[in-house]
Amino acid sequence: MKAIRRFSVRPVLPEPLRPLHELARNLRWSWHRETRDLFRSVDPEGWERAGGNPVALLGAASPERLERLAGDRGFLRRLAVAAGDLQDYLEEPRWYQRAGEALPTGVAYFSPEFGITGALPQYSGGLGILAGDHLKAGSDLGVPLIGVGLLYRHGYFRQSLTADGWQQEHYPVFDPNELPLSVLREPEGHTPVHVELRLPGGRTLRAHIWQVQVGRVPLLLLDSDVEDNAPGEREVTDRLYGGGSEHRLLQEMLLGIGGVRAVRAYCRVTGRPEPEVFHTNEGHAGFLGLERLRELRAAGLGFDAALETVRAGAVFTTHTPVPAGIDRFERELVARHFGDDGELPGLDAEDVLRLGSEDGRHFNMAVMGLRLAQRANGVSTLHGEVSREMFAALWPGFDAAEVPIGALTNGVHAPTWTARAVPADPGAAKDTELWEMRRTLREELVHEVRARLRGSWRERGAARAELGWIDTVLDPEVLTIGFARRVPSYKRLTLMLRDPERLRALLLHPRRPVQIVVAGKAHPADDGGKRLIQELVRFADDPKVRHRIVFLPDYGMTMARKLYPGCDVWLNNPLRPLEACGTSGMKAALNGCLNLSVLDGWWDEWYEPDFGWAVPSADGAAADDEERRDDIEAAALYGLVEDHIAPRFYDRAPGGVPLRWVEMVRQTLTRLGPKVLAERMLRGYVETLYAPAARAHRALDPGAAASLAEWKARVRAAWPGVTVDHVETAEGSGGGEALEVGSCLTLRVRVALGGLAPDDVEVQAVAGPVDGADRIESAGTVHTPLKPRGGPGLEGTWLYEGPLTLGRTGAFGYTVRVLPAHRLLASGAELGLVAVPPEGVGDAVGEGAGVLMR
């Protein structure tokens with residue numbers, strides 16, 4: 001019979017064991033090895049059954065076992081050390097507390113998913129894992145983050161395979177009471193704190209707030225599965241990335257609008273300072289800026305002034321390199337939810353729609369995120385370039401290189417992803433020690449793969465008697481390549497199958513065999529991705545090769561923590577430049593696994609031959625022919641494995657150690673490892689984004705915000721009258737007839753300011769190398785401010801003057817431009833306004849469009 005109601009009955013811990021409760025409720029155990037070991041010792045088999053969840057472990061422990069532990073003096077000593085260590089960790093000053101007083105008092109970090117531990121499955125892939133590592137690094141550094149997300153009662157789907165290799169999705173129900181969560185309650189300790197959103201038709205969406213303690217960082221997760229909601233509203237947070245368009249809109253409204261309200265409630269209840277900076281991790285959480293606008297409007301600030309205040313303290317991070325990866329909603333759907341009958345009273349629906357306007361039909365969440373944040377970034381250097389190109393239309397008149405979207409390359413949390421066997425000082429380890437480490441990790445992976453593969457085949461309908469062959473799957477002595485990630489088409493799961501016979505030859509080579517472990521999930525609605533999985537599974541099912549290539553279903557954090565360390569080579573072959581960053585190879589590198597990747601994302605930035613291999617990308621006409629492109633790149637991939645990777649792995653010294661391979665492992669651990677850390681990433685966020693945003697936020701009191709908004713309105717109104725009327729140069733030092741490196745020219749520009757004052761603008765000389773069409777190239781470009789000379793002329797124009805130094809040989813050119821200028825702007829491109837010389841305004845000294853040297 002099925003129960004009509006479910007309860008979680010928690011154990012009453014004996015008094016000496018009470019510290020276990022606090023240790024279980026703080027997710028620091030997910031990356032603190034000694035605390036995990038302590039919980040494992042409570043009941044090793046129970047720990048495995050509980051999936052590494054200490055709350056579930058304690059909930060299933062028998063009273064007799066707990067009583068024995070309560071009398072175990074050795075266990076109690078270990079417990080006291082672990083509890084004291086956690087208390088010290090939570091209270092002692094860390095990097096942030098020593099970094100200076102100008103840093104923000106708090107940062108609210110919003111993300112649709114968080115991957116902190118496999119025991120709390122609230123993530124689907126890299127975005128969530130990155131968000132989890134962001135919080136962990138923030139805790140280790142002492143950054144005063146508050147994480148904000150949603151609690152999905154079904155999480156993301158669990159994956160299995162049918163007999164013919166087709167992906168199946170399952171959505172288990174998670175009981176929050178069996179997870180390391182606690183309800184945020186009012187100070188009296190009984191009443192749950194809740195937030196509400198107003199929906200069309202007089203409906204209300206309510207959500208409770210679950211608190212997760214991630215070391216020093218609180219994570220607030222909003223849950224709509226509360227009894228006060230109607231059935232439809234209860235299901236808003238049912239599953240991650242599920243449902244139709246309106247369902248997703250409601251999720252994102254709850255995340256953004258409800259999330260800000262949750263942060264306000266949390267600060268009220270706990271006395272924690274209000275955040276000065278709001279960080280939007282991808283566009284899904286973009287509505288948080290609208291709620292902050294509503295708050296300021298309710299406090300009496302005008303819309304434009306409120307917008308300036310919101311933008312000053314906001315950071316927006318984009319993670320997608322393709323427009324198709326951005327959430328878009330029909331304008332009518334958004335208008336209905338933000339109209340008179342919906343949310344955000346005090347904001348006009350047209351103002352809301354204008355912030356996300358893209359093409360007249362759609363509301364673009366990333367566009368809104370960029371318009372509501374003064375500072376924005378991509379997640380690798382290459383992704384920053386791609387993002388500037390992708391969003392360049394929002395800043396008309398500027399080259400893509402000047403679009404104000406920076407780049408801060410992702411990192412990974414080393415304590416989470418580094419295996420126990422990796423030495424603390426790999427630079428000092430002997431070659432034999434590093435090789436033995438790699439063999440140990442590979443052997444652990446082999447055992448993990450066999451156990452998981454047996455479970456998968458049982459789910460596919462195989463009888464136990466049919467599965468004896470699994471005992472010979474993979475070999476701890478064979479070169480092992482790993483490939484695991486989501487399965488959209490651009491990641492090219494099946495590129496390795498491009499030439500099946502060549503792949504079989506690699507797998508079955510008599511002297512230098514290769515074995516491959518593959519994992520990944522396709523989105524439930526992506527039948528194309530499911531077909532790719534099926535194609536690979538069918539190849540791996542072939543009895544001739546199934547001991548050398550396996551597909552493991554249900555890829556997640558628990559599997560990943562064995563997979564990354566156990567592989568010798570980590571393969572990544574996306575279509576360049578469609579990988580925004582890609583952090584799986586970083587996690588592999590922390591364990592001495594070498595990377596074999598297309599030059600995309602972070603690998604484009606940090607690749608060196610000492611760390612691994614670069615798969616060349618097809619270019620020219622071949623890049624536009626999908627079949628030819630994949631043929632070329634697959635052939636290059638096979639060639640690298642055949643001619644370089646396998647020979648180096650199997651090239652052994654007399655003692656059996658592949659010395660050149662081990663040296664690459666050492667270089668990966670000592671030189672690449674420090675670059676890929678989440679601590680490096682988060683320090684970058686603090687120093688280059690959070691601290692400037694906090695300063696900008698503090699500078700914009702209501703009066704300053706109103707003044708800035710009025711100034712922008714005045715500049716926009718006057719800008720059509722801002723023109724460059726005349727440009728000329730006069731030779732200065734180093735002159736003469738020949739123009740040589742080091743020559744200095746005096747540049748004179750006459751501009752009309754359309755009623756603006758010189759303080760409202762900056763007139764610049766823009767100089768640098770030029771291409772064959774006289775376009776100034778972004779690399780090497782120099783921007784030199786020119787100064788006004790005297791007052792306005794008879795025609796109301798102003799003369800600007802300044803030196804122009806010829807700092808390089810070759811084709812060189814310059815132009816001039818006028819930009820708005822104000823001390824509170826984050827960049828000259830912020831308003832998207834620029835005035836340049838019209839056609840025909842040239843220079844007597846230059847050639848054509850101001851080209852000075854050839």
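This is a guided walk through the structure above, which is a predicted model.

Let us start in the interior. The largest nonpolar core holds 96 residues, and Phe287, Leu290 and Leu293 are the ones with the most contacts inside it. Helix α9, which runs over residues 245-270, supplies the largest share of this core, namely 12 residues. Apart from this core lies another one of 65 residues, and Leu13, Phe39, Leu221 and Leu682 are among its members. If you would like a good place to centre your view, try Phe287. Residues up to four places away in sequence aside, Phe287 touches Leu249, Glu252, Met253, Gly256 and Ile257, and also Phe338, Phe363, Met365 and Met368.

Just ahead of helix α9 there is a backbone detail to look at. Tyr241 sits in the loop between α8 (231-234) and α9, and its phi is near 55°, a positive value in a residue other than glycine. Most residues other than glycine have a negative phi, and most peptide bonds are trans. With a relative accessibility of 16%, Tyr241 falls under the 20% limit and therefore counts as buried. A second residue of this kind is Leu474, which is not a glycine but has a positive phi of about 60°. Leu474 belongs to the loop between α17 (431-459) and β15 (479-484), and its relative accessibility of 3% makes it buried.

Now to the helices. How far apart should the ends of helix α7 be, at 1.5 Å a residue? Its 16 residues (126-141) should span 22 Å, and the end C-alpha atoms are indeed 22 Å apart, so the expected and modelled values agree. Of those 16 residues, 15 are buried, which means that α7 is largely enclosed by the rest of the structure. Just after α7 comes Gly142, with a positive phi of about 80°.

Helix α19 can be checked in the same way. It has 14 residues (527-540), for which 1.5 Å a residue gives an expected span of 20 Å; the end C-alpha atoms are 20 Å apart, in agreement with that. The buried residues of α19 are Gly529, Lys530, Leu532, Ile533, Gln534, Leu536, Val537, Phe539 and Ala540. And what covers them? The covering elements include the strands β3 (158-161), β4 (167-170), β16 (514-519) and β17 (549-552), together with helix α18 (500-507).

Next comes a pair of helices. Two packed helices are described by the angle between their axes and the distance between the axes. For α24 (residues 626-650) and α25 (residues 659-672), the angle is about 105° and the axes are 6 Å apart. Because angles of 65 to 115 degrees count as roughly perpendicular, that is the description that fits α24 and α25. On the α24 side the contact is made by Ile645, Arg648 and Phe649, and on the α25 side by Arg660, Trp661 and Met664. Sorted by class, this contact has 4 nonpolar residues, 2 charged ones and no polar ones.

The loops deserve a visit too. Pro577 is in the loop between β18 (569-572) and α21 (584-589), and the peptide bond that joins Arg576 to Pro577 is cis, with omega about 5°. Is Pro577 buried or partly exposed? Its relative accessibility is 29%, so Pro577 counts as partly exposed. Beyond its neighbours within four places in sequence, Pro577 touches Pro321, Leu382, Val386 and Asp600. Its C-alpha is 9.8 Å from that of Ser617, a residue 40 places away in sequence.

Asp341 is another loop residue, found between α12 (331-337) and α13 (349-355). A relative accessible area of 41% makes Asp341 partly exposed. Asp341 and Leu199 are 142 residues apart in sequence, yet their C-alpha atoms are 7.1 Å apart in space. Neighbours within four places aside, Asp341 is in contact with Arg198, Leu199, Pro200, Gly201 and Gly202.

Our last stop is Pro837, in the loop between β26 (812-820) and β27 (851-853). Its relative accessible area is 19%, and since the limit for buried is under 20%, Pro837 is buried. Apart from neighbours within four places in sequence, Pro837 is in contact with Val724, Thr815 and Val816. From Pro837 to Leu130 the C-alpha distance is 45 Å, with their positions 707 residues apart in sequence.

Notes
Residues numbered from 1 in each chain as written. Predicted model: local features only at pLDDT ≥ 70, side-chain atom pairs only at ≥ 80, totals over all residues. Heavy atoms only, no water. Core = buried A, V, L, I, M, F, W, Y, C linked by side-chain atoms within 4.5 Å. Buried < 20%, exposed > 50% of the residue type's maximum accessible area, 1.4 Å probe, protein only. Helix = DSSP H or I, 4+ residues; strand = E, 2+ residues; numbered from the N terminus. Contact = heavy atoms within 4.5 Å. Expected span 1.5 Å × (residues − 1). Axes fitted to C-alpha atoms, helices over the stretch in contact; angles between N-to-C directions. Parallel < 35°, antiparallel > 145°, perpendicular 65-115°, else oblique. Nonpolar A, V, L, I, M, F, W, Y, C, P; charged D, E, K, R; others polar.
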